[in-house]
Amino acid sequence: MIIIKTPQEIQKMQVAADLLVEVHRALREKIRPGVTTLELDQFVDEFIISRGGYPEQKGYEGFPYAICASVDDEICHGFPRKEALQEGQILTVDMVVNVDGYLADSAWSYAVGEISPEAQRLMEVTKECLYLGIEQAQVGNRLGDIGHAIQSHAEKNGMSVVRDFVGHGIGRKMHEAPQVLHYGKPGRGLRLQEGMVFTIEPMINLGNWQMKLDSNGWTARTVDGSLSCQYEHTLAVTKDGPIILTEQDR
């Protein structure tokens, strides 16, 4: 069942989103060669708690960390680790923040030092895919319009869209209906209504879209070892268009 949010509930989610944005802005100054993702995880954990929030994915179905830290060919759900980040890598940090029982979710990808032109282009196209998908989150449009916009742009640029993971409704629970596919046909799927709140979070690969799971049962990576990138926002559908709750540039 899809839970339509009231303006008051959306405002409470905005409070969580504001804290999440604060964290991502702080991470911009932390991510560099030589830093470990385990150090970043500890920083985020302490940052969120010190400001009255809680890192919601810590303990979720046994996941032990405040962030997912996915490097290079890791698509998502990467475990923070002791190995230092290296020049030229791509790091995606994904997290969910809980403030007073309301949640916000956002992933952002970062260049570690100087990266290759190919990696830079992947990051640019993935971010473009996110915002093209968000543009379609209009009252009366369908979920397929979002997926089609993302898939078309990725494939036009010679890249592929991961099929195994999707965006999702969010509110007082991390995962609510509906599921938001990042591929599909326009005019298909659920019709969007005012008050829906969900994530759009395309994962785009330079190579094959298919994935494999690591032995930890969480971390997904590309089957061919190609680079992967992800950007994610939480947004609300309104009569005046989508509102990005986790926008970093406002």
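This passage describes a helix, a small set of paired strands, a loop serine and several salt bridges in a predicted model.

Helix α1 comprises the 22 residues 7-28, for which a rise of 1.5 Å a residue gives an expected span of 32 Å, and the 31 Å between its end C-alpha atoms agrees with that value. Many of its positions are buried, among them I10, M13, A17, L20, V23 and L27. The buried residues of α1 pack against one helix, α2 (37-50), and against the strands β4 (90-99), β5 (102-111), β9 (197-200) and β14 (233-238).

Elsewhere, three strands make up an open antiparallel sheet in the order β6-β10-β13, in which β6 (160-161) and β13 form the edges, each pairing on one side only. Helix α3 (residues 117-135) packs on this sheet through contacts with β10 and β13, its direction making about 40° with that of β13. Between β6 and β10 (residues 203-205), which run antiparallel, there are two bridges, and V161 stands opposite I204 of β10.

The loop between β12 (220-222) and β13 (228-230) contains S226, which counts as buried because its relative accessibility of 12% falls under the 20% cut-off. The side chain of S226 reaches the backbone nitrogen of G207 at 3.2 Å. Beyond its neighbours within four places in sequence, S226 is in contact with D72 and D73 as well as with N205, L206, G207 and N208.

Over the whole structure, 10 salt bridges were found. In one of these, E176 and K5 bring their closest N and O atoms to 3.0 Å, and the pair links distant parts of the chain, with E176 in strand β8 (residues 176-180) and K5 in the segment before α1, 171 residues apart. Both E176 and K5 are buried. By contrast, E22 and R51, whose closest N and O atoms are 3.4 Å apart in a salt bridge, are each partly exposed, with relative accessibilities of 37% for E22 and 43% for R51. Here E22 belongs to helix α1, whereas R51 is in the loop between α2 and β1 (54-55), 29 residues apart.

A further salt bridge, at 2.9 Å from N to O, joins the side chains of R221 and D73; because R221 lies in strand β12 and D73 in the loop between β2 (68-71) and β3 (74-76), the pair ties together parts that are 148 residues apart in sequence. R221 is buried at a relative accessible area of 18%, and D73 likewise counts as buried at 18%. Together with E74, R81 and D214, these two residues, R221 and D73, are linked in a network of salt bridges.

Methods: Residues are numbered from 1 along each chain as its sequence is written. This is a predicted model: local features need pLDDT of at least 70, side-chain atom pairs count only at pLDDT 80 or more; totals for chains, interfaces and linings use all residues. Side-chain values use heavy atoms; hydrogens and water are left out. Helices (H or I, at least four residues) and strands (E, at least two) are DSSP runs, numbered from the N terminus. The expected span of a helix is 1.5 Å times one less than its number of residues. Buried means under 20% relative accessible area, exposed over 50%, partly exposed in between (1.4 Å probe, protein chains only). Contact means heavy atoms within 4.5 Å. A polar contact is a pair of N or O atoms within 3.5 Å; within protein, one must be able to donate a hydrogen and the other to accept it, and residues adjacent in sequence count only if both atoms are side-chain atoms. Two strands pair if DSSP finds at least two bridges between them. Axes are lines fitted to C-alpha atoms, for helices over the stretch in contact, and angles run from 0 to 180 degrees between N-to-C directions. A salt bridge is a side-chain nitrogen of Lys or Arg within 4 Å of a carboxyl oxygen of Asp or Glu.
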